[in-house]
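Dear colleague,

I am passing on the structure we discussed, and my notes follow directly below it. Please read them with the structure open beside you.

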Amino acid sequence: MRVDGTPTRTVWWADGVVKMIDQPLLPHRFAIVDMATYADTARAIRDMTVRGAGAIGATGALGMAQAAVAAAPGTFHADVAAAANHLRGTRPTAQNLFAGIDCVLKAIEAEGDNVDRARHAAVAAANAFADDDAESCRRIGEIGAPIVASRPRVSTHCNAGWLAFVDWGSALSPIYAAHRGGTDVFVFVDETRPRQQGSQLTAWELGQEGVRHAIIADNATGHYLKAGDIDMVIVGSDRIAANGDVANKIGTYTSALAAKAAGVPFYVAAPTTTIAMHTPTGHDIPIEERSEDEVLYVWGWSDDGRFIRVRTAPAASGARNPAFDVTPASLITGILTERGLVPASVEGIASVARK
Ligand code: MRU
């Protein structure tokens with residue numbers, strides 16, 4: 001990923017500190033923040049300083065490495081287990097978070113009671129998990145680029161770009177690869193209420209990469225699909241169930257329904273760390289319900305440079321705010337992973353899932 005032309009990553013390890021892009025400041029400011037302890041790192045996941053399934057997976061892994069480095073020798077395994085529980089409790093839906101935590105726990109457990117070795121193993125495993133995320137996403141781009149090249153007017157929802165992973169992104173990776181290969185791609189960017197990952201993050205990323213795009217209100221997607229202005233839809237995922245049902249940012253299901261009605265292919269792109277074989281169907285995916293304030297207020301930068309929130313709803317109204325929805329496998333044309341494009345079905349998912 002390039003920010004003002006300089007290669008960077010979303011989250012990384014630096015001598016025990018977890019560094020990350022401060023995402024709520026985008027697109028108006030670009031800043032890196034430091035998380036000194038695993039508790040700070042957990043807070044950054046919970047409050048969405050870092051957001052996006054892959055990014056929070058890598059952050060969870062790096063938080064586990066911080067916990068291992070800080071754990072007292074006498075209570076090492078208990079401290080590490082407590083940290084794992086703490087990190088697991090930050091957000092419930094994205095499978096990548098649990099994959100990142102488990103990957104580091106496994107590396108620690110393999111070292112038995114040798115605390116020094118376990119600490120080194122934890123740091124190595126966390127960095128390897130982050131590198132694996134970046135490489136999987138690069139490969140998704142390579143595999144998906146020909147699809148985008150043949151269907152260059154693309155719709156996407158939420159942010160499944162490099163900010164949502166360690167690098168490259170899932171749904172946006174094929175777009176970047178096709179664009180770099182010379183395809184004139186045009187992206188319809190759903191605004192993605194209420195946290196506006198589309199207008200704030202995806203649009204900013206696409207601008208950094210020089211990809212042509214337009215932000216549209218979420219409720220305009222059906223209109224453009226029906227009008228024949230969109231050749232394909234591609235979105236990311238926070239969790240893929242064993243039967244091919246997919247959880248993604250709220251509003252994805254509506255977009256999939258509209259794509260089906262318009263006869264437009266609907267793709268999901270995700271690294272295989274997003275697959276949860278222990279989650280049989282979409283009904284079993286826990287859906288995060290976030291604060292009603294995210295719906296009742298809007299946040300933004302005032303002309304005099306202050307980050308402020310403004311209430312748009314009546315003072316007496318409440319709100320409901322599910323952060324994700326489930327798109328059934330029947331609406332999905334194919335699932336694009338680093339191991340290939342597979343059907344959204346029990347067989348398709350089993351053929352690429354990690355053992
Ligand atoms: O709630 P967020 O901002 O963490 O959600 C971002 C996501 O993970 C999206 O649902 C995305 O489309 C999935 S692919 C990273």
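For the notes on the ligand, Ala, Val, Leu, Ile, Met, Phe, Trp, Tyr, Cys and Pro count as nonpolar, Asp, Glu, Lys and Arg as charged, and the others, Gly among them, as polar. Sorted in this way, the residues of the shell around the ligand comprise seven nonpolar, six polar and four charged ones. Please keep in mind throughout that this is a predicted model.

The ligand is surrounded by 17 residues, of which Arg91, Gln197, Asp238, Asn248 and Lys249 are the closest. The space that the ligand takes up is the largest cavity.

Among the contacts to oxygen atoms of the ligand, a polar side-chain atom of Lys249 lies at 2.6 Å, and a polar side-chain atom of Gln197 at 2.8 Å, while Gly52 contributes a polar backbone atom at 2.9 Å. Of the 400 Å² of accessible area that the ligand has on its own, the protein covers 99%.

You may also want to know how many disulfides there are, and why. A search of the whole structure finds zero. A disulfide is a covalent bond between the sulfur atoms of two cysteines, and the cut-off applied to such a pair is 2.5 Å. The cysteine sulfur closest to that of Cys137 belongs to Cys158 and is 14 Å away, so the two are too far apart for a bond. Cys158, for its part, is in no disulfide either, the nearest cysteine sulfur being that of Cys137. Cys137 counts as buried because its relative accessibility is 0%, and Cys158 is likewise buried, with a relative accessible area of 10%.

Best regards

Notes. Residues are numbered from 1 along each chain as its sequence is written. This is a predicted model: local features need pLDDT of at least 70, side-chain atom pairs count only at pLDDT 80 or more; totals for chains, interfaces and linings use all residues. Side-chain values use heavy atoms; hydrogens and water are left out. Buried means under 20% relative accessible area, exposed over 50%, partly exposed in between (1.4 Å probe, protein chains only). A residue is near a molecule or strand if one of its heavy atoms lies within 4 Å of it. A polar contact is a pair of N or O atoms within 3.5 Å; within protein, one must be able to donate a hydrogen and the other to accept it, and residues adjacent in sequence count only if both atoms are side-chain atoms. Accessible areas come from the Shrake-Rupley method with a 1.4 Å probe; for residues, only the protein chains shown count as cover. On a 1 Å grid over the protein atoms alone, a cavity is a set of points where a 1.4 Å probe fits but cannot get out, and a pocket is an open set with protein on both sides within 12 Å along at least five of seven lines; lining residues have an atom within 4 Å of a point. A molecule sits in a cavity or pocket if more than half of its atoms lie within 2 Å of its grid points.
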